[in-house]
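Please walk through this structure with the text beside it. The path runs from the cysteines to a set of packed helices, and then to some backbone details.

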Amino acid sequence: MSGISDRPTVGVVGLGIMGLSYARHLRAAGFPVIGFDVAEAPLKALAEVGGTIAATPKALAETADVILIALASVDAVKATCGGADGMIHSIRSGAVVCEMGTFPLYAKDYVRTLFEPKGVTVLDCPVSGTGAQAAVRDLVVYASGDEATVERIRPVFDGFARNTRYVGPFGAGIKLKFVANLLVTIHNVAAAEALVLAEQAGLDLSMVYDAISDGAGTSRMFEVRGPLMVKDTYLPATMKMEVYMKDITLIMDFAREMRAPTPLMAATVPYYTAAVAAGRGADDTAAVHAVLKEMTQKK
């Protein structure tokens with residue numbers, strides 16, 4: 001760990017909405033970046049900002065000092081970490097791996113158990129923020145694991161995030177993310193509900209958005225997703241509805257495991273489900289507004 005320089009080579013595994021934003025900001029901050037993805041378009045985008053393309057996760061791990069895993073599924077994490085072309089075959093002692101996804105704790109533990117015998121420090125580091133926020137470096141990293149390591153690689157986090165919070169031992173990060181996403185889920189529907197009410201009352205939605213954003217009734221989700229609701233336009237998605245359904249399941253499972261009552265969270269789930277059922281799986285989660293709006297038009 002002590003061998004990592006002030007500008008380590010950062011590997012980004014998974015160049016989706018979030019991972020590509022990490023890579024772009026890190027390049028802008030002067031970090032060497034090497035990336036891997038199964039799709040061609042994000043690899044081309046990385047190359048355009050001066051990043052290096054890795055043919056396989058194994059090739060990425062051969063040169064990366066700090067590795068950010070930003071993948072969409074547990075299966076993808078297992079394949080890129082421990083598969084035939086996985087990072088396990090080439091990762092170097094002293095490297096740091098940051099698992100950034102929103103996954104069950106067992107998936108985080110899989111990564112830690114796989115790499116730590118190789119002399120690699122693994123951190124659990126989910127982020128708070130949407131794809132739109134990632135694009136403008138408005139993310140907060142919930143870093144958990146070895147605190148000294150978090151502090152040593154803080155410049156990497158600073159390269160793509162607004163703030164990094166050390167939140168405790170390994171696994172505390174994802175637990176906090178579940179709590180944060182519970183609020184995101186509820187506030188998103190609350191924003192949609194408020195704007196539908198405003199429209200039914202004959203108010204100008206642009207005026208309502210500006211006024212509420214400046215008052216006590218605002219929330220970060222109202223501010224981020226409200227403009228999409230006002231325009232009634234949900235593409236391109238900063239968080240796809242079909243992807244977020246995975247997060248909703250994780251939150252509800254975690255709450256049940258903790259035996260914590262979540263009545264407001266439970267009340268929002270049918271509206272997300274209805275949006276997917278209506279063919280809005282690829283839309284932004286702000287599309288719950290369209291579901292509520294449609295209900296006002298039914299006799």
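## Cysteines, helices and loops

The count of disulfides comes to 0. Cys-81 takes part in none, and the nearest cysteine sulfur, that of Cys-98, is 12 Å away. Cys-98 is in no disulfide either; here the nearest cysteine sulfur belongs to Cys-125 and is 4.5 Å away. A disulfide calls for two cysteine sulfur atoms within 2.5 Å, so the 12 Å from Cys-81 to Cys-98 does not qualify. The 4.5 Å from Cys-98 to Cys-125 does not qualify either, because the cut-off is 2.5 Å. The model is a predicted one, and these distances should be read as such.

How accessible is Cys-81? Its relative accessible area is 0%, so Cys-81 is buried. Cys-98 also counts as buried, because its relative accessibility is 0%.

Now turn to helix α14, which spans residues 288-296. Its buried residues are Val-288, His-289, Ala-290, Val-291, Leu-292 and Lys-293. What covers them? The cover includes four helices: α9 (172-200), α11 (220-231), α12 (241-258) and α13 (263-277).

Take α9 against α14 first. The two helices pack at an angle of about 35°, and their axes are 9 Å apart. The crossing of α9 past α14 is right-handed. On the α9 side, the contact is made by Asn-188, Val-189, Ala-192, Glu-193, Leu-195, Val-196, Glu-199 and Gln-200. On the α14 side, the partners are Val-288, His-289, Leu-292, Lys-293 and Thr-296. By class, this contact holds 6 nonpolar, 4 polar and 3 charged residues. Several of its α14 members are already familiar: Val-288, His-289, Leu-292 and Lys-293 are among the buried residues of that helix.

Next, follow α9 to α11. What angle do α9 and α11 make? They pack at about 45°, with axes 9 Å apart. That angle makes α9 oblique to α11, because it falls outside the ranges for roughly parallel, perpendicular and antiparallel helices. Here too α9 passes its partner in a right-handed crossing. From α9 come Val-184, His-187, Asn-188, Ala-191, Ala-192 and Leu-195. From α11 come Met-221, Phe-222, Arg-225, Gly-226, Met-229 and Val-230. The residues of this contact divide into 8 nonpolar, 3 polar and 1 charged. Asn-188, Ala-192 and Leu-195 of α9 meet both α11 and α14.

The loop between α11 and α12 deserves a stop. Asp-232 lies in it. Phi of Asp-232 is near 55°, a positive value in a residue other than glycine. Is Asp-232 buried, exposed or partly exposed? Asp-232 counts as partly exposed, because its relative accessibility is 35%. Pro-236 sits in this loop between α11 and α12 as well. A cis peptide bond joins Leu-235 to Pro-236, with omega at about -5°.

Finally, look at Arg-137. Where is it found? Arg-137 is in the loop between α6 (131-135) and β8 (140-144). It is not a glycine, yet its phi is positive, at about 60°. With a relative accessibility of 35%, Arg-137 counts as partly exposed.

Key
Residues are numbered from 1 along each chain as its sequence is written. This is a predicted model: local features need pLDDT of at least 70, side-chain atom pairs count only at pLDDT 80 or more; totals for chains, interfaces and linings use all residues. Side-chain values use heavy atoms; hydrogens and water are left out. Buried means under 20% relative accessible area, exposed over 50%, partly exposed in between (1.4 Å probe, protein chains only). Contact means heavy atoms within 4.5 Å. Axes are lines fitted to C-alpha atoms, for helices over the stretch in contact, and angles run from 0 to 180 degrees between N-to-C directions. Angles under 35 degrees count as roughly parallel, over 145 as roughly antiparallel, 65 to 115 as roughly perpendicular and the rest as oblique. A crossing is left-handed if the near helix is turned anticlockwise from the far one by less than a right angle, and right-handed if clockwise. Ala, Val, Leu, Ile, Met, Phe, Trp, Tyr, Cys and Pro count as nonpolar, Asp, Glu, Lys and Arg as charged, and the others, Gly among them, as polar.
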